[in-house]
Amino acid sequence: MINVFNAPPEGIQTAPHDMRIIAAGYQVSVREVDLTRVRDKDSLMLAFLRGLGLTQTFGHNWDALFDVLTDPEARPARFALVLCDYDHFRKRHAKLNAELEAVLLDAQRSAAEVGRQFWVLAEEPEHQLRRW
């Protein structure tokens, strides 16, 4: 598999198998958002609140999500967001996924415009760590 961190971020890419080790070698900060229990927009925003370590002041809307993903004081210059259980989420929630993808890809483009790198990675189920 090609190492995603060798090239500028482009769209939603598959997370490498040893992602955390590879990311550390490329000085890329990684955060995970678990989409397993997402049922609607509210639960999606809660998943981002937990995964990104946001406070309760997070606005729980698309604009607020875009802002936290592109805030240079909140996110490092080389940042990877891993969407856990993304394939299942995408299949279960097509409309919600389309809205989410639009925000993520807009944030990715916005980051690139100011010389920052924001990877959006989809983690395949077999690569996910078991959380017991």
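In this predicted model, the protein chain carries 16 positive and 19 negative side chains, and the centres of the two sets sit 4 Å apart. About 7,500 Å² of the chain is exposed, with carbon and sulfur atoms supplying 51% of that area.

As for the overall build, the protein chain has five helices and four strands. Walking along the sequence, they come in the pattern β-α-β-α-α-β-α-α-β. The C-alpha trace spans about 35 × 35 × 25 Å along its principal axes. A compact globule of 132 residues would have a radius of gyration near 14 Å, and the chain has 14 Å, so the two agree. Of those 132 residues, 45% count as buried. Taking contacts between residues at least 6 apart in sequence, 62% join residues at least 24 apart.

Helix 2 is a good place to look closer. It runs over residues 41-51, and its buried residues are S43, L44, M45, A47, F48, L49 and G51. In an α-helix there are 3.6 residues to a turn, so residues three or four places apart point the same way. The cover over the buried residues of helix 2 comes from several parts of the chain, including strand 2 (29-34) and strand 3 (78-84), along with helix 3 (62-70), helix 4 (86-92) and helix 5 (94-113).

Both ends of helix 2 have something to show. At the N-terminal end, D40 acts as a cap, with a side-chain oxygen 3.3 Å from the backbone nitrogen of D42. After the helix comes G53, whose phi is positive, near 65°.

Note on methods: Residues numbered from 1 in each chain as written. Predicted model: local features only at pLDDT ≥ 70, side-chain atom pairs only at ≥ 80, totals over all residues. Heavy atoms only, no water. Helix = DSSP H or I, 4+ residues; strand = E, 2+ residues; numbered from the N terminus. Rg over C-alpha atoms; globule rule 2.2 N^0.38 Å. Buried < 20%, exposed > 50% of the residue type's maximum accessible area, 1.4 Å probe, protein only. Contact = heavy atoms within 4.5 Å. Areas by Shrake-Rupley, 256 points an atom, 1.4 Å probe, with all protein chains shown as cover. Lys, Arg positive; Asp, Glu negative; His and termini not counted. Charge placed at Lys NZ, Arg CZ, Asp CG, Glu CD. Polar contact = N/O pair within 3.5 Å; in protein donor to acceptor, adjacent residues only side chain to side chain.
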